[in-house]
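Student: I would like to learn how to read a model like this one. Could we go through it together?
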Amino acid sequence: MSDHPFLRGIGLGVLAGAAMGATMMKNEKNIKKAAKHTVKTVGRLAEDAADTLADKLPRM
């Protein structure tokens, strides 16, 4: 993944929010499993978006 500080910051913020939400919920297996799946999906989405933007930027 290309190094874009803005996109990295957005991704970290989303992941931090998802992690906080997961820790504040009840300790039920289904909720934890869903939160882990969501965090993984959001991480992949952010990486794909960053890669797509990096491909469209001019090379220097």
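Student: Let me begin with one residue: where is the place of Ala50?

Tutor: Ala50 has its place in helix α2. Helices (H or I, at least four residues) and strands (E, at least two) are DSSP runs, numbered from the N terminus. Before we go on, some ground rules: this is a predicted model, in which local features need pLDDT of at least 70 and side-chain atom pairs count only at pLDDT 80 or more, while totals for chains, interfaces and linings use all residues. Residues are numbered from 1 along each chain as its sequence is written, and side-chain values use heavy atoms, with hydrogens and water left out.

Student: How many helices and strands are there in the protein chain?

Tutor: The protein chain has two helices and zero strands.

Student: How do I judge the span of helix α2?

Tutor: The expected span of a helix is 1.5 Å times one less than its number of residues. Helix α2 covers residues 29-56, which is 28 residues, and from its first C-alpha to its last it reaches 41 Å, close to the 40 Å expected.

Student: Is Ala50 buried or exposed?

Tutor: Buried means under 20% relative accessible area, exposed over 50%, and partly exposed in between (1.4 Å probe, protein chains only). Ala50 counts as buried because its relative accessibility is 1%. The buried residues of α2 are Ala35, Ala50 and Ala54, and they pack against α1 (contact means heavy atoms within 4.5 Å). Of the 60 residues of the protein chain, 7% count as buried.

Student: Which residues of α1 should I look at for comparison?

Tutor: Try the glycines Gly11 and Gly21, which lie in helix α1. With a relative accessible area of 14%, Gly11 is buried, whereas Gly21, at 27%, counts as partly exposed.

Student: What separates the C-alpha atoms of Gly11 and Gly43?

Tutor: A distance of 6.9 Å separates these C-alpha atoms, although Gly11 and Gly43 are 32 residues apart along the chain. You can read other pairs in that way: Ala50 and Gly11, 39 residues apart, have their C-alpha atoms separated by 9.6 Å. For Gly21 and Ala35, 14 residues apart, the separation is 8.2 Å. Val14 and Val39 are 25 residues apart in sequence and 8.4 Å apart in space, C-alpha to C-alpha.

Student: Which residues make the nonpolar surface patch?

Tutor: Phe6, Ile10 and Val14 make a nonpolar surface patch of about 300 Å². Patches are made of residues with over 30% relative accessible area and no salt bridge (a side-chain nitrogen of Lys or Arg within 4 Å of a carboxyl oxygen of Asp or Glu); like charges are joined within 9 Å, nonpolar side chains (Val, Leu, Ile, Met, Phe, Trp, Tyr) within 5 Å. Ile10, in helix α1 (residues 5-24), is partly exposed at 41%. Val14, also found in helix α1, is partly exposed at 37%.

Student: How much area does the protein chain expose?

Tutor: About 5,100 Å², with carbon and sulfur atoms supplying 63% of it. Accessible areas come from the Shrake-Rupley method with a 1.4 Å probe; for residues, only the protein chains shown count as cover.
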